[in-house]
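Thanks for coming. I will put one model on the screen and go through its cross-links, its charged pairs and its nonpolar parts.

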Amino acid sequence: MSDEPATRQGGRHGRRRGPHTVRGFGPALLFTVVGALVPGSAFLATGRRRLGAVVVVVFMVLLGGVAYLATTGLRDVIAVAVDSTALRWVIGGIVALAVAWLLVVLIGYALLLPRRTRAWQHVLGAVVVLTLCAGVVMPAVWAVRIADAQAQLLDNVFADRESATVTDSSDDPDPFGDREEVNFLLLGGDGGEGREGVRTDTVIVANVQTDTGATTLFSLPRNLQELPFPEDSPLGEVYPDGFDAGSEAESILNAVYRNGPAWYPDVLGPTDDPGADFLKLGVGEALGLEIDYFVLVNLDGFSRLVDALGGIDVNVNYYVPIGGEPTLGILPDDYIAPGPDQHMDGTRALDYARGRFGLSDYQRMDRQRCVIGAIVDAANPVTLLTRFQQLAATTQDIVSTDVPQSRLDELVDLAFEVKDAEIRSVVFDDTVIDPAYPDYDRIRALVQQALDGPSDTPSADTSSPADEPADEPAESEPADDASATSSPGATSAAPPEPDPAAEVGDACAYDPAQAQAARAEGEPPTRNG
């Protein structure tokens, strides 16, 4: 009989209160916080062990899944990140998970709260619970906004554009098949104020080996003449002797994108970007490569991309002009002085990439590659996460491509190969070719040589005497000592031609001697004196 009074009086003495095992407002508030951090623990504290165990197990499974995705499952994360449909399922999952988490917090607090609670305790409890709910909602909103921005970016940039040169079918599960390489045409379109149409002052082909990810960049000068086209293409018929737009200034490489479609708008058939198709066919023929896809970046909006990244860091080895017009003799407004690791905002980075008064186009080509490398370096995971929405919005405005969204998953695999592989560069400057009278057979031979890699065996000389005089060794390649000591009249095989590819970082490294020499000469004259 002693048990009966205790049961009847349990509510008053606190010995037994149904499922509750937590006594007092303080412990209830503490377990509410713990229950928000480890969902299900609040239910366990109230004696609801089966429900609490289920929630805790679900939470631990989700936590383990996150840990897997953050480590060995990174490939799966990126695969989802390049699929707009999957991203929208992710958004639905985040919303559902956030709602379930909120319910766990609210229900747990309601179960833990003592029956007799004072007014100030209700106020304090409400503040704590609202804070915990905000801690659940804010990350969920942030994740949803990033996923939505990524989905919109994919739908806008990687839309199913009509192309005259993309030949692979979107239904093909293995688009690369047994192919050894994939080639991307990277274009920098300098539209901008005061320029009619878009001129592609930056033309780079990225050759990626599918088995190793080894990448070679081939940079062509903007003033390259007589761009050839495949004989069996419609452009080969209308330009049998190479690209010609009626005048020398309008017939160079950087004018093809604008002038080609202007003269022959429908020659290639239906396409959303005829200028890019013109260049894919022409540049591919010039290099002896099949160009698969193009990516065009509008340099006029490029400064906003740099600002969205928080700026970039580049090395400057000589005075780089800001503004100026060399053809009219208009001096620059100012100069970027030499110095290492200079942090530049978007405007200054664009000045650095564009400046050419008193300099060569090839120096500008080097700097543009350095800017691309600096952007890649600046796009670290923390920056991408904290600035992703701004970056996504900016990218939609300045980037266009014919890469189908259905191909992104395969390209992710390729990107993982490239990440750990060697990247080299071949620059077709005036020490290698004459842009006004280009020898395209020699260009194709150098491309193949760069892709084959350096050889220790003698190779046939692919240049003509006019291209490379025998008595004038290339400035960047010292004469072979062995050949210098050979006896007069001795006959020897031609020395192997040096590998034309170089590490991409070479031109972007800081050169203290060059920078010091530039500073010693002093800043060149500006428009203001």
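Which residue does a disulfide join to Cys370? The partner is Cys508, with the two sulfurs 2.1 Å apart. Before going further, please keep in mind that this is a predicted model. The structure holds one disulfide, so its geometry can be described briefly: the torsion about the S-S bond of Cys370 and Cys508 is about -100 degrees, which makes the disulfide left-handed. Cys370 sits in helix H14, residues 361-378, while Cys508 is in the loop between strand E11 (502-503) and helix H20 (512-521), so the bond ties together parts that are 138 residues apart in sequence. As for exposure, Cys370 counts as buried because its relative accessibility is 7%. Cys508, at 21%, counts as partly exposed, since the limit for buried is under 20%. One further cysteine, Cys133, is buried, with a relative accessible area of 11%.

Now the overall picture. The protein chain has 20 helices and eleven strands. Of its 529 residues, 41% are buried. Among contacts with a separation of 6 or more, 74% are between residues 24 or more positions apart. The chain exposes about 28,200 Å², and 57% of that comes from carbon and sulfur atoms.

Next, the charges. How many salt bridges does a search of the whole structure find? The search finds 14. I will take three.

Arg222 pairs with Asp361, the closest N and O atoms being 3.2 Å apart. Arg222 is in the loop between strand E3 (215-220) and helix H9 (234-238), and Asp361 is in helix H14, so this pair ties together parts 139 residues apart in sequence. Both Arg222 and Asp361 are buried.

Asp361 also forms a salt bridge with Arg364, here with the closest N and O atoms 3.8 Å apart. These two both lie in helix H14, three residues apart, about one turn of the helix. Arg364 is buried, as is Asp361. Through shared partners, salt bridges join Asp201, Arg222, Asp361 and Arg364 into one network.

The third pair is Asp397 with Arg304, at 3.5 Å from N to O. It links distant parts of the chain, with Asp397 in helix H16 (residues 388-398) and Arg304 in helix H12, 93 residues apart. Is Asp397 buried or exposed? Asp397 counts as exposed, because its relative accessibility is 52%, and the cut-off for exposed is over 50%. Arg304 is partly exposed, with a relative accessible area of 38%.

Staying with helix H12, residues 299-308, Ser303 lies there too. Ser303 is buried at 14% relative accessible area. Leaving out residues up to four places away in sequence, Ser303 touches Gly346, Thr347 and Leu350.

Last, the nonpolar side chains. In soluble globular proteins, these tend to be buried together. Here the largest nonpolar core has 56 residues, of which Phe184, Phe302, Ile312, Tyr352 and Ile375 touch the most other members. Helix H8 (residues 119-157) gives the largest share of this core, seven residues. Another core, of 35 residues, lies apart from it and includes Ala245, Leu279, Leu289 and Ile433.

On the surface, Leu30, Phe31, Val34, Leu37 and Val38 make a nonpolar patch of about 410 Å². Phe31 is in helix H3, residues 25-37, and counts as partly exposed at 32% relative accessibility.

That is what I have; I will take questions.

Conventions
Residues numbered from 1 in each chain as written. Predicted model: local features only at pLDDT ≥ 70, side-chain atom pairs only at ≥ 80, totals over all residues. Heavy atoms only, no water. Helix = DSSP H or I, 4+ residues; strand = E, 2+ residues; numbered from the N terminus. Buried < 20%, exposed > 50% of the residue type's maximum accessible area, 1.4 Å probe, protein only. Contact = heavy atoms within 4.5 Å. Areas by Shrake-Rupley, 256 points an atom, 1.4 Å probe, with all protein chains shown as cover. Core = buried A, V, L, I, M, F, W, Y, C linked by side-chain atoms within 4.5 Å. Patch = residues over 30% accessible without salt bridge, like charges linked within 9 Å, V, L, I, M, F, W, Y side chains within 5 Å. Salt bridge = Lys/Arg side-chain N within 4 Å of Asp/Glu carboxyl O. Disulfide = S-S within 2.5 Å.
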